[in-house]
Amino acid sequence: MSGLPRRPCQPSRLRHRWPDAWPWYLLGAFAALALTVVVPGGPVRAVLAVPVLLGVPGALTLGAVQARRSVDAVAFCALAVMLSALWLAFAALILAVLQVRISGLSVYACLLLVCCVLTAGAARQLRRRAAGEDAAAAWRERADVLCAPDETGASPKRGAWYAVGGVLAGAALLGGGALAYTSAPHQAPAGYTWLAWSGAKADGVIAVGAHGIALPFEITREEPGTTRYRLTASWTGGAKAYPLAAPRTLRVGGDKTVAATLSIPQPPGACAYRVVVTLKELGTARPRSWSINVSVRAGAR
Amino acid sequence: MIVEPRPQALDATRRSARHATKRRWPVILAVAACAVAGMAAIVKSYLVAQTTVSDEAEFIWFWAGMSLMELPLIAVIARRGTGAAVRSALLLIIGLASYAPKLLRDPGAPIYHDEYAHWRATYDIIASRQLFEPAQIVPIIAGYPGLHAATAVIVDVTGLSIWQAATVLVLLCHVALLAGVATLARAIGLDSRAAALAAIAYQFNASFLYFDTQFSYESMSITLVVWSLAAFTQAIRAQPGPHRNAWRWLTVVLSFGCAITHHLTTIELTVVMLTVSVALSLPRAARSDGWRAAAATAWFLTAFTLVAVVGWIVGMAPGTVAYLSPYLGTGLSQLAQLVSGSSSGRQLFSASLSPWWEHIAAFGVTLVALVFAAAGLLLLRRWRRSGRLAAGRERALLLGYATVGLAYFPSTAFIFSQAGAEGARRSWAVSWIGLAVLTASSAAWLLDWASLRRRAVARLTALGVLTAMTATALVGGTAAGLDASYRFPGPYLYGSDARSDTPELNAMAQWFLARFGPNHRVVTDRYTGLEMASFGLQDTAMPSAAFPVWDLYAAEPGQPLGPPFLLAVLTQGHYRYLVVDKRIGTDVPLLGIYFEGNEPGDFVLPDGRPIFRGRLAKFNGVLWMSKIFESDNYAVYRMNLPAGSQRYQVPPVPLRGKLTVGQ
């Protein structure tokens with residue numbers, strides 16, 4: 001027994017004290033989770049919802065199986081988190097078995113039901129304890145055989161507050177590191193340019209009607225600065241390429257997308273033509289080039 | 001009756017408490033300063049790493065930071081005078097802070113191979129509102145929805161992105177893992193100091209810092225395994241009655257949770273429970289009051305876990321056996337070949353980007369573990385002889401967990417086998433649970449022994465050696481796990497899972513998704529496929545000997561693409577798009593594979609060039625293909641299968657069109 005004087009027991013301001021009614025308070029907290037829908041989805045709602053979602057079902061489970069007092073504060077919280085995470089998965093499984101679509105609402109309803117059952121179990125355990133029903137079976141853990149003689153005990157009164165302090169300190173350290181890293185200057189990623197068809201899908205050989213066809217495409221440049229390009233169109237026959245349209249020179253600025261179109265008349269004959277659009281960089285020592293192609297033939301469209 | 005203390009005694013007690021508090025503050029401030037400086041050094045290491053493929057400076061900064069952050073905390077935890085609650089709080093700090101390397105590695109999006117797969121699996125649950133949807137990249141994960149379902153629910157309820165929800169969940173699992181190891185060690189019978197040291201020792205295993213912090217089913221499952229074992233052990237230690245029943249129920253819930261979350265760790269959990277149950281059934285080790293009831297509890301819970309894992313595999317994930325068996329079977333046969341001399345085995349760190357001293361530390365961690373484990377065994381022997389560890393549940397539990405821990409040493413042999421290396425590394429996350437318990441006992445004893453040296457030189461030398469061994473374990477444990485390309489950011493590195501994601505690849509995948517929509521069958525290489533199958537929401541081909549898509553790439557120009565059965569499979573499977581990374585024709589992948597691990601081994605020629613060199617331009621001339629997109633490094637082809645018999649115009653004819661350019 002401590003030599004320090006004891007503080008006289010003060011009447012609780014709550015009608016239902018926490019040690020006697022904590023499962024109901026937790027159930028209330030879980031039920032109140034529904035109110036978080038008024039908060040916009042994202043980090044703010046997560047700050048409100050995650051502690052309840054990943055704490056309450058597990059804590060109630062520990063209460064329902066009467067394991068709450070067998071572990072210290074840190075172990076209790078860690079186990080509650082893992083059990084809560086499992087309850088999320090179990091709830092999804094239950095819904096899957098019942099062939100109910102898994103959504104925020106259905107999972108919440110399922111978990112609320114589970115929490116009600118667990119709360120009833122935990123409250124029953126509390127009543128049993130209060131009534132001394134299992135007092136005869138209550139078992140004080142023997143000292144561990146490997147326990148150091150001067151072991152100070154695993155569950156001091158202020159253990160929970162130390163744990164809260166540890167979490168806050170660790171979170172501050174982790175958050176500070178993440179903030180410092182993300183706010184530090186980072187190397188700019190390498191830029192790129194692309195050329196792509198933007199019209200109808202090139203399913204097989206495209207039929208070109210009597211009025212010809214317009215084949216739209218786009219040039220996207222995700223690089224700093226402005227560059228000149230040469231745009232050409234040709235059709236290939238065997239190993240040779242024949243010009244299809246007068247080439248165009250264009251300037252494309254940084255982070256810009258340019259829309260373009262290749263218009264071609266109905267090609268002669270029944271054969272198909274391989275049409276190729278090529279974009280070539282100008283004014284650089286090692287010019288890059290990009291190309292896209294498609295097959296066309298005369299036909300009704 | 002309350003006995004009032006004398007005023008003088010009360011004053012003395014208060015003075016003593018004030019002095020203790022005054023002495024404590026400088027230590028607290030120094031440890032906090034070290035932790036902050038350590039975190040700053042880790043951030044610096046990542047900033048250095050961004051600009052170089054691999055630089056020794058990034059490793060030096062990183063390990064200086066980790067040492068500065070963790071060693072002072074470990075020292076305070078290891079002090080005999082530190083209270084149990086303070087130890088628990090410090091363990092929480094270590095748990096949170098040790099998540100920093102992974103958090104900084106990919107704060108905004110998945111980058112590890114399995115993370116892409118799990119991201120997509122979670123997305124599919126959110127999109128379809130159903131479990132057990134077919135999974136991309138790693139098909140087996142469809143049968144283990146524990147992690148994905150939990151993440152999807154968090155996303156639904158909080159409005160966080162998948163990655164943010166995953167980060168929160170994995171972070172909590174990571175912290176709970178350390179708390180679980182400490183609780184397990186307490187349940188076995190260690191005092192709070194040795195239990196905290198067990199948690200510290202556990203974090204030196206190869207998976208702790210990076211592998212088990214990724215968004216992957218194992219990251220959640222390993223924590224469930226540890227807590228299942230903690231509950232299992234508490235059930236054995238508890239007296240018959242409500243306490244035992246409570247822990248029985250928790251074991252049942254947790255082990256079933258494991259079974260729905262991950263296959264391998266649940267199998268390993270069953271093996272550990274089996275080992276402990278056998279130890280509890282040995283009269284020489286376990287005979288004491290109520291040992292039969294304790295053994296019956298252990299066997300019942302082991303049987304339940306076995307039924308759960310077998311039932312889940314048979315009923316919900318029948319592909320598990322086919323998925324896992326090649327690793328064990330091929331690993332064993334390769335090891336046999338290695339022993340018989342018919343094979344040269346795997347060369348360790350052959351493609352590693354890490355410095356030489358990390359390689360030495362990786363070997364050193366096994367040596368350090370061996371020293372502590374041997375000391376632990378000697379200590380147990382001494383306790384047994386002195387009567388401190390009498391026959392009973394505690395002795396049986398220690399015997400069981402020590403056996404599990406000692407399995408680590410033979411498993412290291414599999415590292416020399418190509419197929420067995422991955423399995424061996426995965427097993428360490430579980431075998432180190434037992435090893436941590438064993439080594440923590442000896443570590444606590446050695447610390448006491450060192451602290452009790454009368455001569456300051458001897459004391460400091462002994463403590464210095466222990467600190468050096470701890471630092472070696474800290475560095476070596478991680479070095480024995482993932483390669484530097486996984487651990488550090490850096491420039492694009494062809495053929496590395498974790499450094500293949502570029503803005504260009506991302507833009508191509510998003511262009512494809514916006515243009516054609518999701519769920520198209522796409523043929524591509526491994527590294528492009530990760531992005532296409534995750535954020536691109538496409539269904540990528542799973543290459544194999546029966547579906548050798550690499551033959552499309554390897555075909556020589558002028559030769560028809562094939563073989564014919566491949567085109568038939570592509571046609572029947574509705575594969576419509578081919579995405580080509582042009583670097584496949586010029587670069588050799590860091591991981592040594594272009595498509596999958598089962599691809600032929602001759603894709604890199606003796607001169608070091610890839611076989612695909614000069615063979616990619618042929619796709620532009622394949623008449624059943626249309627090139628619909630080309631960027632600096634990627635080309636997307638539409639495959640119009642089955643190939644038609646359309647004739648193409650060869651002689652020149654007058655055909656004039658017009659190019660129009662507009663914003």
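A residue counts as buried here if 20 or more other C-beta atoms lie within 10 Å of its own. Keep that cut-off in mind for what follows, and note that this is a predicted model.

**A strand with two faces**

Let's start with strand β3 of chain A, residues 213-222, where the side chains alternate. I213(A), L215(A), F217(A), I219(A) and R221(A) point to one face and are buried. On the other face sit A214(A), P216(A), E218(A), T220(A) and E222(A), and these are not buried. Note that the buried set includes R221(A).

Which strands does β3(A) pair with? One partner is β1(A), joined to β3(A) in the antiparallel sense over six bridges. Within that pairing, Y192(A) has E222(A) as its bridge partner. Another partner is β6(A), residues 256-264, again antiparallel, this time over nine bridges. There I219(A), from the buried face of β3(A), stands opposite V258(A).

**A sheet that crosses chains**

Now zoom out. β3(A) belongs to an open sheet of nine strands with mixed pairing, and the order is β2(B)-β1(B)-β3(B)-β5(B)-β4(B)-β1(A)-β3(A)-β6(A)-β6(B). At the edges stand β2 (539-540) and β6 (658-662) of chain B; each has a single partner strand, so one side of each is left without a neighbour in the sheet.

One place where the two chains meet inside this sheet is the pairing of β1(A), residues 192-197, with β4(B), residues 625-631. These strands run antiparallel and are joined by three bridges. A196(A) faces F629(B) across that pairing.

**Chain A's own sheet**

Chain A also has an open sheet of five strands, ordered β2-β8-β7-β4-β5, with mixed pairing. Its edge strands are β2 (205-208) and β5 (240-252), each pairing on one side only. On average, neighbouring strands of this sheet are turned by 30° against each other, direction ignored. Inside the sheet, β4(A) (residues 227-237) and β7(A) (residues 272-281) run antiparallel and are joined by eight bridges. L231(A) stands opposite L279(A) in that pair.

Here are the antiparallel pairings mentioned so far, side by side.

| Strand pair | Bridges | Opposed residues |
|---|---|---|
| β1(A) and β4(B) | three bridges | A196(A) and F629(B) |
| β1(A) and β3(A) | six bridges | Y192(A) and E222(A) |
| β3(A) and β6(A) | nine bridges | I219(A) and V258(A) |
| β4(A) and β7(A) | eight bridges | L231(A) and L279(A) |

**Chain A as a whole**

Chain A has six helices and eight strands. Along the sequence the pattern is α-α-α-α-α-α-β-β-β-β-β-β-β-β. How much of chain A is buried? Of its 301 residues, 37% count as such. As for contacts in chain A with a separation of 6 or more, 66% are between residues 24 or more positions apart.

**Helices**

Helix α6(A), residues 159-183, has 25 residues and reaches 35 Å from its first C-alpha to its last, close to the 36 Å expected at 1.5 Å a residue. Its buried residues include G159(A), G166(A), G170(A) and G177(A), along with Y162(A) and Y181(A).

Helix α4(A) holds F76(A). Is F76(A) buried or exposed? With 23 other C-beta atoms within 10 Å, F76(A) is buried, because the cut-off is 20 or more. F76(A) and A160(A) are 84 residues apart in sequence, yet their C-alpha atoms are 9.7 Å apart in space.

Over in chain B, helix α9 (residues 217-237) has 21 residues that should span 30 Å at 1.5 Å a residue, and its end C-alpha atoms are 30 Å apart, which agrees. All of them, 21 of the 21, are buried, so α9(B) is largely enclosed by the rest of the structure.

**Core and interface**

The largest nonpolar core has 289 residues. Those with the most contacts inside it are V181(B), A185(B), L197(B), A198(B) and A440(B). Helix α4(A), residues 73-97, supplies the largest share of this core, 20 residues. Leaving aside residues up to four places away in sequence, A198(B) touches V181(B), A182(B), A185(B), L190(B), A436(B), V437(B) and A440(B).

Finally, the contact between the chains takes 118 residues from chain A and 116 residues from chain B. Helix α3(B), residues 84-97, gives the most to chain B's side, with 11 residues. That side divides into 67 nonpolar, 33 polar and 16 charged residues.

Conventions: Residues are numbered from 1 along each chain as its sequence is written. Chains are lettered from A and ligands numbered from 1 in the order in which they are written. This is a predicted model: local features need pLDDT of at least 70, side-chain atom pairs count only at pLDDT 80 or more; totals for chains, interfaces and linings use all residues. Two strands pair if DSSP finds at least two bridges between them. Helices (H or I, at least four residues) and strands (E, at least two) are DSSP runs, numbered from the N terminus. Axes are lines fitted to C-alpha atoms, for helices over the stretch in contact, and angles run from 0 to 180 degrees between N-to-C directions. Two residues are in contact if their C-beta atoms, placed from the backbone, lie within 7 Å. Ala, Val, Leu, Ile, Met, Phe, Trp, Tyr, Cys and Pro count as nonpolar, Asp, Glu, Lys and Arg as charged, and the others, Gly among them, as polar. A nonpolar core is a set of buried Ala, Val, Leu, Ile, Met, Phe, Trp, Tyr and Cys residues joined through C-beta atoms within 7 Å. A residue is buried if 20 or more other C-beta atoms lie within 10 Å of its own, exposed if 12 or fewer, and partly exposed in between; C-beta atoms are placed from the backbone. The expected span of a helix is 1.5 Å times one less than its number of residues.
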